[in-house]
Amino acid sequence: MNVVRAAAAGLLGAAGAAMTAAGPVMAVRGWKARADIQAELREQSISFPGKGLPAELAAHEGKPVLTGPQARAYAQVIGHNVLTATGGRTYAEVSAELLAAGGDDEKLAALRQTAFTGQMLRASLLNAYQAWQLSTLVTGLGALLTVTGAALLATSTTLSAAE
């Protein structure tokens, strides 16, 4: 039984050491990713309008977009503005109308460009939000790995001492 206990202690110790080493690396990488996202958003100099936002976004009025959740909220603003500009139609619908009109309608062509630009901006902001969420996950998993690794190391030490 001592051989099994020693093998278990060795495996737990090795796994614990690996997790304890990897956890902080993941947490730091997650924080670095979040800082990179904030730096990129800051560089874009995006700010919410000072007034006129829907009630659910009123808390953001006049504030700069510096976080993933703020990027998501601003994407909502853009999405609403695009739908307002296009009369509730998507880029695909406006594009189909333009093609059906033979591609010569300047008003529809401009509307299609507006819809395209708005949707691309919206998608970019939603990508920032998704990256923010992933950085949160990586940071949390790094913390979890660190704690779990420390627990495994403690268990390994206890098993070794019991021999």
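The exercises below work through ring pairs, helix packing and single residues in a predicted model.

**Exercise 1. Classify the ring pair formed by Phe-48 and Tyr-74, and place both residues in the chain.**

Step 1. The count of aromatic pairs comes to two.

Step 2. For Phe-48 and Tyr-74, the ring centres are 5.2 Å apart and the planes stand at 70 degrees. Planes over 60 degrees apart count as edge-to-face, so this pair is edge-to-face.

Step 3. Phe-48 belongs to the loop between helix 1 (2-44) and helix 2 (68-85), while Tyr-74 is in helix 2. With their positions 26 residues apart, the pair links distant parts of the chain.

Step 4. Both Phe-48 and Tyr-74 are buried.

**Exercise 2. Classify the pair of Tyr-91 and Phe-116, and state which helices the pair ties together.**

Step 1. The centre-to-centre distance is 5.7 Å and the angle between the planes is 55 degrees. Stacked needs under 30 degrees and edge-to-face over 60; the Tyr-91 and Phe-116 pair is therefore tilted.

Step 2. Tyr-91 lies in helix 3 (residues 91-100) and Phe-116 in helix 4 (residues 106-161), so the pair joins parts 25 residues apart in sequence.

Step 3. Partly exposed covers the range between 20% and 50% relative accessible area. Tyr-91, at 30%, is partly exposed, and Phe-116, at 38%, is partly exposed as well.

**Exercise 3. Describe how helix 3 packs against helix 4.**

Step 1. Two packed helices are described by the angle and the distance between their axes.

Step 2. The axes of helix 3 and helix 4 come within 9 Å and cross at roughly 160 degrees.

Step 3. Angles over 145 degrees count as roughly antiparallel, and helix 3 and helix 4 are therefore roughly antiparallel to each other. The crossing is left-handed.

Step 4. On the helix 3 side, the contact residues are Tyr-91, Val-94, Ser-95, Glu-97 and Leu-98. They meet Leu-108, Ala-109, Leu-111, Arg-112, Ala-115 and Phe-116 of helix 4. Tyr-91 and Phe-116, the ring pair of Exercise 2, are thus among the residues in this contact.

**Exercise 4. Work out the relative direction of helix 1 and helix 4, then examine Ser-135.**

Step 1. The axes of helix 1 and helix 4 come within 6 Å and cross at roughly 155 degrees.

Step 2. This makes helix 1 and helix 4 roughly antiparallel, in a left-handed crossing.

Step 3. Ser-135 is located in helix 4. Its relative accessible area is 4%, so Ser-135 is buried.

Step 4. Leaving out residues up to four places away in sequence, Ser-135 touches Gly-30, Ala-33, Arg-34 and Ile-37.

Step 5. One of these, Arg-34, has a further role to note: its charged end sits over the ring of Trp-31, 5.7 Å from the ring centre.

**Exercise 5. Is Asn-2 buried or exposed, and how far is Asn-2 from Ala-162 in space?**

Step 1. Asn-2 lies in helix 1. At 55% relative accessibility, Asn-2 is exposed.

Step 2. Asn-2 and Ala-162 are 160 residues apart in sequence. In space, the distance from C-alpha to C-alpha is 9.6 Å.

**Exercise 6. What is the sign of phi at Ser-45, and where is this residue found?**

Step 1. Phi of Ser-45 is near 55 degrees, which is a positive value in a residue other than glycine.

Step 2. Ser-45 is in the loop between helix 1 and helix 2.

Step 3. The relative accessible area of Ser-45 is 61%, so the residue is exposed.

Note on methods. Residues are numbered from 1 along each chain as its sequence is written. This is a predicted model: local features need pLDDT of at least 70, side-chain atom pairs count only at pLDDT 80 or more; totals for chains, interfaces and linings use all residues. Side-chain values use heavy atoms; hydrogens and water are left out. Rings of Phe, Tyr and Trp (its six-membered ring) pair if their centres lie within 6.5 Å; planes under 30 degrees apart count as stacked, over 60 as edge-to-face and the rest as tilted. Helices (H or I, at least four residues) and strands (E, at least two) are DSSP runs, numbered from the N terminus. Buried means under 20% relative accessible area, exposed over 50%, partly exposed in between (1.4 Å probe, protein chains only). A charge sits over a ring if NZ of Lys or CZ of Arg is within 6 Å of the ring centre and within 35 degrees of the ring normal. Axes are lines fitted to C-alpha atoms, for helices over the stretch in contact, and angles run from 0 to 180 degrees between N-to-C directions. Angles under 35 degrees count as roughly parallel, over 145 as roughly antiparallel, 65 to 115 as roughly perpendicular and the rest as oblique. A crossing is left-handed if the near helix is turned anticlockwise from the far one by less than a right angle, and right-handed if clockwise. Contact means heavy atoms within 4.5 Å.
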